[in-house]
Each structure stands twice: as C-alpha cells, then as structure tokens.
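Q: I'm new to this one. Can you walk me through it?
A: Sure, let's put it on the screen first.
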Number of protein chains: 2
Amino acid sequence: MTVNRRSYHRASEAERREDLIAATLDCIAEFGIQGATVRQIATRAGVTGGLIRHYFAGKDQMLQAAYRKVMTGMTETAIAAAIEGENARSRLRRFIVANVTPPVTDPRTLSLWAAFISHIQTDPTFAAVHRENYLAFLEALETLLTAFFREEKRAVGPQECRRHAIALNALVDGLWLEGTLAADLFADRELAENALTSVEALLRLAPGELSAEQQQKEQR
Amino acid sequence: MTVNRRSYHRASEAERREDLIAATLDCIAEFGIQGATVRQIATRAGVTGGLIRHYFAGKDQMLQAAYRKVMTGMTETAIAAAIEGENARSRLRRFIVANVTPPVTDPRTLSLWAAFISHIQTDPTFAAVHRENYLAFLEALETLLTAFFREEKRAVGPQECRRHAIALNALVDGLWLEGTLAADLFADRELAENALTSVEALLRLAPGELSAEQQQKEQR
DNA sequence: AAGCTTATTATACGCTTGAATAATTCCTGC
DNA sequence: GCAGGAATTATTCAAGCGTATAATAAGCTT
C-alpha cells in the first residue's frame, strides 16, 4: 500500500541552498539561535528536515554558510555605499554613515550577528570567517583613509593609516552595536552625526569638515 | 533495601548560589552556551542536577544571574581601576586603559559576554540587565569626563559631555571586542596606546596629554 | 541522643534534537 | 514515452535536554 506523499518542486542546487540559508537566518532572527532547529528551518523553507543534510554535511555547516552570508552582506553594504561618493572625502563619509544607518543598523542584522558571535571562540571555521571579514573591513577603511589623506594633501604614513583604521573601525563597531541594542535611546540621526563628529576628531580634522557636507546631501 | 548515596556537604544558600553561578560561567567559557547544560554545570559544581532547581526557578533564571555577574564584574573592574587615580585626568586614563587590558581583555570574559549577547533581543530580563549596565557605564564615563573638563578649565556643556561619553564608550567597546577576538593581531600595549591616542583625539586634546603620563607610570 | 526540617541525591519522565534510512516522486536523456 | 538517477519525503533512532518527584543524608534544636 502506497502512502500519500507531498508533491514537490525540484530546485537547482544554487537556489535551494540559498533558500535554506535564508530560512536559517529568518529562524535565527525570530527565535534566536536556540529556536533555529533543523525542523523549524525546514518548515520555514517549505521542505522537510532531511533535505538539509542533502545540501549540507550537517547543521553546523549550514550555520557556517549562513554566517558567511551575514558578514559579507554587512561589509558589502558599506562598501557599496562608499563607492558612490564622488571624491575621497565623500566616500569616507558615506562609508561611515552606512555603518550606523539601516539596513546595517537593524534589529534583525544585530540578532544575526549576535547569534553567531559566540561561535567564533568555539568553532575554527567561524573564527576564520570572522578574521577574513575583519581584515577586509579594515583594509577597505585603510584604503579609503589613504586616498582621503592624499586628497587632503596630508602626509600620513601607512602605519599611522592603519592605526586610524583600527580606531575608526572600533568606533563604528561600538556605535553600531550599542546604538542598535538600545535604539530607543538615540534619536534618528544622532548616531550618524555622532559618528561623523567623532571621526573628524579622530582624524584631527576641523569640525564640520565631514559632517557639514552631510547636511548638504540631506537638503537636496 | 537502601541504596548507596553520596555523602555531601550542606552549604549556605549564598555560597551555593555563588558556586553554581561560577560553575555555569566555567561551562560557558569552556564549551559555549550550548555546552552549558544543567548536567555539565552540576558536575562542575560537584553536585547533582536537581539541586539547581532548588536554588533557581529554572535554568534560565540561573543564566540571568550569571549574566548579571559577568557584566557588573566588567564595569566594576574599570571603575575600581579609575578611582585609584590621583586626579581627574589620571582617573580618566586609568578607566580607558582598564577596559582594553586584562582581565577585561581576556578570552574568557569575551566568551562569556558573547554567549549572553544574543539573549538580549529575546529575553526581557537580559535586555534589562544590559540596559542597566550600559547606562551605568555611560554615566561613569560621563562623570569622569565632566570632572576632567572642569579640572582642565574647559567649559563643556552637559550634552556635549554625554556625546563624548557615547563616543568614548563606543571606541572602547569596539577596541575591546576586536582586540580580544583577534588578540594575535595586536602587540602587547598596542591596544591601550591606540585607545589613549584615540581618546585624546576624540576630546580634542593635545597629542600626549593622556598617553605621555602613561609612560611615566610604566617606568616606576 | 532523638527528632524535625530541609538541602541534596537518585531516578524517571516526556519532549526535542540532529542524524540515518528507506521509500517515493520528479526530471532528464534517450 | 520510458528508463534511470537524483532530489525529496516520510519515518525511525538514539541521545540529550530541562524538569518533576520521592527517598535519603545532614545538621540544627532541644
């Protein structure tokens, strides 16, 4: 006797993996890492649990893939915002602002980031992904800074550029983290304005050198 | 027929709770939040699992207590370091340095912090503890800053003090986080020096105004 | 030294988890 | 249009989880 079975769609490997990862992120954002069980994820993706192990060696590998996606997404959002600037100063400013503005500053993004951060200490794969992304972010910032100093005709050595990049990265990370965790404590543009003012100070620029331009952008 | 039972020590409520929390933190640091099961924690504490529910309403409540302990520990370490300074400038410097120096900068502390951070979005109790601690840290910083500016005879309004406190907090948090996550990327005193230099810049101080004093401390 | 209270142990229960296996449906190449 | 292989489902499994309950050992009171 044959059992009633669901009819299903046979998807390509690429889109199926994408769907599964998206479902994983949805579950993590909604229920936390503990609520992201194989069954929940499968339900969200509209498949049954067994399929996950057909595309990933195990649940852990799927989580790693999901982490990769989140992190590259965050970095690329900021980089994409930067390259639209017409000069080095504008690109630097846009990069900073993008990191303390939605969609990077977003409860969901924070939930995902927070859910994964603890795995970095435990799982070497997570550690590698984090390292890779941290260095990419740092290098992007360093490149923007070097171009900016050249544009401003300020002679700043490479290792001082790196020192600045580390500090700026820390500032932006911290503002992003606390600002998103306690979004209700900050007014709409308070975070971005504080970021720009602080970056001006960190780079020893004149007050308004970065943030004044911001207002022009706002008005048009 | 009577069964062989372990002999045990009857502890006071205070020390038993302390032991259980300590065991919880040990397990989290060693195995991650997923490895911190009731049985593991009980084993580490040298008791049986059932006892946990004699001192806490459930595992969640014990985790909350553990989180409280970690966070207050971090903040108090920095505050304790600050109050030993002989003037406002020294207190500010010590506060900053303490936050990017062991035992705050420590893989274990980071593991614990990271394990809990994701619960803030899910569990209201965790959210409250975080909020409370963030505001306490911010206020401590704000107080140090106000005293410092007065000592320097600089007229700085309260809301500009607060803006500075938010930025300094973000910088310190970011340096702490990335510096501890990627400890191998930074030389011994690099983090502290970068922190002091950056704080000088953020407060628009002359270069060396904070960090120079640091070197005198080191030499004696 | 006996008795009372309770901190602690031991054991069991019900549930969920990630993973394994076998059956079935879908799609492609002929 | 029909085989054959692969994607997907359905079901099962063993392990581990947090919790509940009853028995027991410990220490205090008198």
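Q: Okay, in what order do the elements of chain A run from the N terminus on?
A: They run α-α-α-α-α-α-α-α-α-α-α. One note before going on: this is a predicted model.

Q: How many helices and strands is that for chain A?
A: Chain A has eleven helices and zero strands.

Q: What does the C-alpha trace of chain A span?
A: About 80 × 35 × 30 Å along its principal axes.

Q: And how many of the residues in chain A are buried?
A: Chain A has 220 residues, and 40% of them are buried.

Q: What about contacts between residues 24 or more positions apart? What part do they make up?
A: Take the contacts in chain A with a separation of 6 or more. Residues 24 or more positions apart account for 59% of those.

Q: Switching to domains. Which ones does the assignment give for chain A?
A: The assignment gives domain 1 as 10–56 and domain 2 as 60–219.

Q: How many Å apart are their C-alpha centres?
A: The centres of domain 1 and domain 2 of chain A lie 30 Å apart. The two domains do touch: ten residues from domain 1 and eleven residues from domain 2 take part in the contact.

Q: Which helix gives the most on the domain 1 side?
A: Helix α1 of chain A, residues 13–35, with eight residues. By class, that side of domain 1 has eight nonpolar, two polar and no charged residues.

Q: Now the two chains. How many residues does each put into the contact?
A: Chain A gives 32 residues and chain B gives 33 residues.

Q: Which helices of chain A supply at least two residues each there?
A: α1, α6 (107–117), α7 (119–122), α8 (124–151), α9 (158–181) and α10 (190–202). The largest share comes from α9(A), with twelve residues.

Q: What classes of residue are on that side of chain A?
A: The side of chain A that touches chain B has 17 nonpolar, ten polar and five charged residues.

Q: What turn lays chain A on chain B?
A: A turn of 180°, with a shift of 0.0 Å along the axis. The RMSD is 0.1 Å. The two copies are therefore related as by a two-fold rotation axis.

Q: And which surface does each copy use?
A: The same surface serves both copies. Of the contact residues of chain A, 100% recur in chain B.

Definitions and conventions
Residues numbered from 1 in each chain as written. Chains lettered and ligands numbered in written order. Predicted model: local features only at pLDDT ≥ 70, side-chain atom pairs only at ≥ 80, totals over all residues. Helix = DSSP H or I, 4+ residues; strand = E, 2+ residues; numbered from the N terminus. Buried ≥ 20, exposed ≤ 12 C-beta atoms within 10 Å, placed from the backbone. Contact = placed C-beta atoms within 7 Å. Least-squares fit on C-alpha atoms with pLDDT ≥ 70 in both. Domains from an automatic or database assignment. Nonpolar A, V, L, I, M, F, W, Y, C, P; charged D, E, K, R; others polar.
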